[in-house]
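Student: Got a minute to go through a model with me? I'd like to chat about its helices, sheets and odd backbone spots.

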Amino acid sequence: MKSWKIIGALLASWLVILIYMSNSFSSDNNNANDLERQLKRALRELEQLKTQNNQLKSVAEDLRKVKLKSGGSSQLKEIEDRFNKIDNENSKAEVKDTCRAGVYSLAHELQQRKVDRDITEFWFYMNTKLERLKTNGNHEVAGDILKRAQDYQRTLRNDMQSLYDTDEMDKWREKEGKELGELVQKRLHYIQNPKDCSKAKKIVCNLSKGCGYGCQLHHVAYCLITAYALERTLVLESKGWRYAAAGWESVFLPLSNNCIDRQGQGARHWSDPRNLVNEMAIEMPIIDSLHPRPDFLPLAVPEDLAPRLTKLHGNPSVWWIGQIVKYLTRPQPHLQKDIASVNQRLKFSGPIVGVHVRRTDKVGTEAAFHGIDEYMKHVEEYFDLLETRQTVEKRKIFLASDDPSVATEARQKYPHYEIINDPDITQSAGLNKRYTDESLRGIILDIHFLSLCDYLVCTFSSQVCRVAYEMMQTMYGDASPKFKSLDDIFYFGGQNAHNEEVVERHVAQSNMEIDLEPGDLIGIAGNHWDGFSKGLNRRTGKTGLYPSYKTKDHVTTSKMPLYHQVR
């Protein structure tokens, strides 16, 4: 019998848990008593495990004795073989296998992400305060503290990364993300390829929305989410598209192999879904005009996927939208060939940070101006952290912009960086070429290469940046932390309310802040990236600032079809 190795493994696991628990307690008496009770409970359970192990050994010995006395029984032989098999399997397990990939609970993953976020928000707060002190005349002292704080922050970030990768959890995330992604893609293929198109119920979506590429892509994404939620086939009417008159299929694969039009069916405009059940075709308006608003709109995720997805990913709604966008933007062979050619010409390789600088028509209307130094500050922080873990031969960024002067300025100010940029693509993004085949190609290429980067620095007020971030999620187990936005948090234009849940009480310290109680729902308006967010407390009806670390994201789910037909 080698089952004492099981006890050793469990003992090691308990020690890890006890250490983990002890870090969460402070030095006050109540918490000290709680810790003592936890320790005593752990010791009792270890004694129980030891007793159970001895009992198993005794049973095995009795079985062997019975076998010798009886001359051998087929039933006893079968029992012994099964017992030995279990024993051998357990003896091969090393201590680390007690925490092997995928065994960690949902609560563990959520708490780990909470600690990671707390570290990030604390750094936002300290960095903002110390930078302000430097500006106000305390340059030397504040500068020294800031430099040391940066070192501490990098160490904490590395420690958190080590936790994420412990016991091959990184491999589990990659595997789980791939399996979940394949499931969603198969479901989308199923609804988009009905057995009989003439009998299939449909969602009709028109690509005539007057906005840019990213906005139009998100319009089609909302239509496909609606089709998924109502178990209908999406028919995209895109002829005469402002970017390509030939339509969506001129660059991307058709959404269906056998059902690409209405089949002569008239379409009823959106209304209460209960009144549309028997309608063969429903035509969707733009999301901003949608009424009534169903609960399956972003940022909701399918209820049946939520348990696995919430454990896997730090931002389930972004992952879900990313899968929708992935299906919509599967490239035609000629586009795929073009992407490969540009990849070879640019010599695109990692580690690399994607930087998207949106200027022209966005600045002063939808977004504020941000100089290249603001972006590069976060690029520098990323590489400073990365170089504590691995050797970086050359710092590289992929720079995408609609302003040619940005690349010139970046090369002048940051000569130690390799800046990968395609001037032709930049030129095609100008206002005078915005809605052309050339411009469409350019924006598709920019988004593709931004999504392939190891980290993104951009402004989430830009649809291009958000699309790249969404697509990035389909390439990793969890890429939710791989960004820095200089302005907005992630959002989906026309989304339902984005709520956070309060986990720690807060008493307002000024008339700009709001009170919080655990369990309150906060409609978040934005993160100020200084340790505070702004939002509406739905319990009190008050709007104001609150410490970001005292809340957690509230994942919204919606009952959608289970698609049992898809394995």
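Tutor: Sure, let's take it topic by topic, keeping in mind that this is a predicted model.

Student: Helices first. At what angle do the axes of H6 and H9 cross?

Tutor: Roughly 50 degrees, and the axes come within 10 Å. H6 covers residues 169–192 and H9 covers 316–328.

Student: What do you call that arrangement of H6 and H9?

Tutor: Oblique: that label takes in angles that are neither under 35, nor over 145, nor 65 to 115 degrees, and H6 and H9 therefore count as oblique to each other. The crossing of H6 and H9 is right-handed.

Student: Which residues meet there?

Tutor: From H6 you have Gly177, Leu180, Gly181, Val184, Gln185, Leu188, His189 and Gln192. They meet Trp319, Trp320, Gln323, Ile324, Lys326 and Tyr327 in H9.

Student: And how does the contact of H6 with H9 split by class?

Tutor: Seven nonpolar residues, six polar and one charged.

Student: OK, switching to sheets. What's the strand order in the open one?

Tutor: E8-E7-E6-E9-E10, so to speak from one end to the other, five strands with parallel pairing. Strands E8 (417–420) and E10 (483–485) are at the edges with a single partner strand each, so one side of each has no neighbour in the sheet.

Student: How much are neighbouring strands turned against each other?

Tutor: On average by 20 degrees, ignoring direction.

Student: Zoom in on E9 and E10: how many bridges?

Tutor: Three, in the parallel sense, with E9 spanning residues 455–458. Leu456 sits opposite Phe483 of E10.

Student: Which helices pack on that sheet?

Tutor: H12 and H15 are among them. H12 (residues 404–413) touches E6 (353–357), E7 (395–401) and E8, and its direction makes about 160 degrees with that of E7. H15 (residues 463–472) touches E6, E9 and E10, with about 165 degrees between its direction and that of E9.

Student: Now E11, what does it pair with?

Tutor: E12 (residues 521–527) and E15 (residues 551–553) are partners of E11, which covers 499–502. The E11 and E12 pairing is antiparallel over three bridges, and Glu500 has Ile522 in E12 as its bridge partner. With E15, E11 also has three bridges and runs antiparallel; there Glu501 stands opposite Lys552.

Student: Changing topic: how many disulfides?

Tutor: Four. One of them joins Cys197 to Cys259, at 2.0 Å from S to S. The torsion about that S-S bond is about 65 degrees, so the disulfide is right-handed.

Student: Where do Cys197 and Cys259 lie?

Tutor: Cys197 is in the loop between H6 and E1 (202–206), and Cys259 is in the loop between E2 (233–237) and E3 (268–269), so the pair ties together parts 62 residues apart in sequence.

Student: Last one, the backbone. Which peptide bonds are cis?

Tutor: His291 to Pro292 is one, with omega near -5 degrees. Pro298 to Leu299 is cis too, with omega near 20 degrees. Pro292 is in the loop between E4 (281–283) and E5 (301–302), and Leu299 lies in the loop between E4 and E5 as well.

Student: And what is phi of Glu231?

Tutor: Near 55 degrees, a positive value in a residue other than glycine. Most residues other than glycine have a negative phi. Glu231 lies in the loop between H7 (213–230) and E2.

Technical notes: Residues are numbered from 1 along each chain as its sequence is written. This is a predicted model: local features need pLDDT of at least 70, side-chain atom pairs count only at pLDDT 80 or more; totals for chains, interfaces and linings use all residues. Side-chain values use heavy atoms; hydrogens and water are left out. Axes are lines fitted to C-alpha atoms, for helices over the stretch in contact, and angles run from 0 to 180 degrees between N-to-C directions. Helices (H or I, at least four residues) and strands (E, at least two) are DSSP runs, numbered from the N terminus. A crossing is left-handed if the near helix is turned anticlockwise from the far one by less than a right angle, and right-handed if clockwise. Contact means heavy atoms within 4.5 Å. Ala, Val, Leu, Ile, Met, Phe, Trp, Tyr, Cys and Pro count as nonpolar, Asp, Glu, Lys and Arg as charged, and the others, Gly among them, as polar. Two strands pair if DSSP finds at least two bridges between them. A disulfide is a pair of cysteine sulfur atoms within 2.5 Å.
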